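I opened this entry to keep track of what I looked up. My topics are a pocket, a helix and some aromatic rings.

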Amino acid sequence: MKSIRVAVAAAAAGVSFLGLTACSTPVEAGAAAVVGDQRISSRELAENVREFEAALKRANIESEQLGVPITQFVLFRMTNQLRYEQVAAKHGVTVSEAEIDTALKDPGQYQDPQMNLLSKGVSPADARDYVRAEVGATKVIDKFGGRENQQAAMKWQQEYNAVKTVFSPRYGTFQPDRGFVDPGRFGKPVQAEQEQQG
């Protein structure tokens with residue numbers, strides 16, 4: 001299978017039309033991140049990491065191909081997903097089941113829907129929810145004037161950045177222009193986190 005390192009590295013650095021910034025204020029105990037008014041618990045993150053690792057294994061992809069620690073990569077996807085959902089809700093954008101079905105069949109960059117999702121940190125178990133959020137984000141941008149419209153892109157960036165995201169330092173240090181710059185206590189092996197949650 002094709003390497004997903006390039007897409008993953010770009011996503012982890014926030015290099016996409018959807019952008020990424022984050023705050024550095026403390027998060028509550030037991031939280032991996034707080035996104036707007038929603039909390040991602042360490043337990044939820046550990047479960048998502050396990051599902052994603054299993055999906056990588058089924059696709060014969062080594063986690064080292066990601067180019068970043070798997071825990072940070074999955075946490076990045078989870079925070080982006082919540083931000084997309086919150087912006088879409090603010091603008092009254094909904095996504096139908098038919099739109100999700102269509103998006104799930106899109107061959108995309110890798111000419112393979114599964115590889116496209118894996119390159120974004122999405123396991124099959126989370127595919128529908130993630131695609132719903134992503135399609136919702138695209139519809140918001142279209143509502144603003146479309147991805148090719150500079151004013152629309154700026155408006156999206158403002159709306160997206162208004163959903164403040166705070167990462168727990170246990171999972172690494174995040175810099176808006178570079179992504180995660182260190183693995184944190186639970187960046188590389190997720191086993192430590194799983195043991196704590198057990």
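Which elements each supply at least two residues of the lining of the second largest pocket? I looked this up in a model that is predicted. The elements are β2 (38–41), α2 (42–58) and α3.

**Entry 1, the pocket.** I noted a volume of about 210 Å³ for the second largest pocket. The lining consists of Q38, R39, I40, E44, N48, R77, M78, Q81, L82, E85, D126 and D129. I then looked up which element gives the most to this lining, and it is α3, with five residues. By type, I recorded six charged, three polar and three nonpolar residues in the lining.

**Entry 2, helix α6.** I turned next to α6, which runs over residues 127–144 and has 18 residues. From the first C-alpha to the last, α6 reaches 26 Å, close to the 26 Å expected at 1.5 Å a residue. Which residues of α6 are buried? I wrote down A127, Y130, V131, A133, E134, V135, G136, A137, T138, V140 and I141. E134 is a charged residue on that buried list. What covers the buried residues of α6 includes α3 (70–90), α4 (97–104), α5 (113–118) and α7 (150–162). α3 thus comes up again in my notes: it covers buried residues of α6 and also contributes to the pocket lining. Just after α6, I found G145 with a positive phi of about 135°.

**Entry 3, aromatic rings.** How many aromatic pairs are there? The count comes to four. For F52 and F73, I noted ring centres 5.9 Å apart and planes at 50°, so the pair is tilted. F52 belongs to helix α2 and F73 to helix α3, so this pair ties together parts that are 21 residues apart in sequence. I checked exposure as well: F52 and F73 are buried.

Another pair is W156 with Y160, whose ring centres are 5.7 Å apart with planes at 35°, so this pair is tilted. Where do W156 and Y160 lie? Both are in helix α7, four residues apart, about one turn of the helix. I added a general reminder on spacing: an α-helix has 3.6 residues a turn, so residues three or four places apart point the same way. W156 and Y160 are both buried. Last, I noted that Y84 joins W156 and Y160 in one aromatic cluster.

Definitions and conventions: Residues are numbered from 1 along each chain as its sequence is written. This is a predicted model: local features need pLDDT of at least 70, side-chain atom pairs count only at pLDDT 80 or more; totals for chains, interfaces and linings use all residues. Side-chain values use heavy atoms; hydrogens and water are left out. The expected span of a helix is 1.5 Å times one less than its number of residues. Buried means under 20% relative accessible area, exposed over 50%, partly exposed in between (1.4 Å probe, protein chains only). Contact means heavy atoms within 4.5 Å. On a 1 Å grid over the protein atoms alone, a cavity is a set of points where a 1.4 Å probe fits but cannot get out, and a pocket is an open set with protein on both sides within 12 Å along at least five of seven lines; lining residues have an atom within 4 Å of a point. Grid points are joined across faces, edges and corners, and a volume is the space filled by probe spheres set on the points. Rings of Phe, Tyr and Trp (its six-membered ring) pair if their centres lie within 6.5 Å; planes under 30 degrees apart count as stacked, over 60 as edge-to-face and the rest as tilted.
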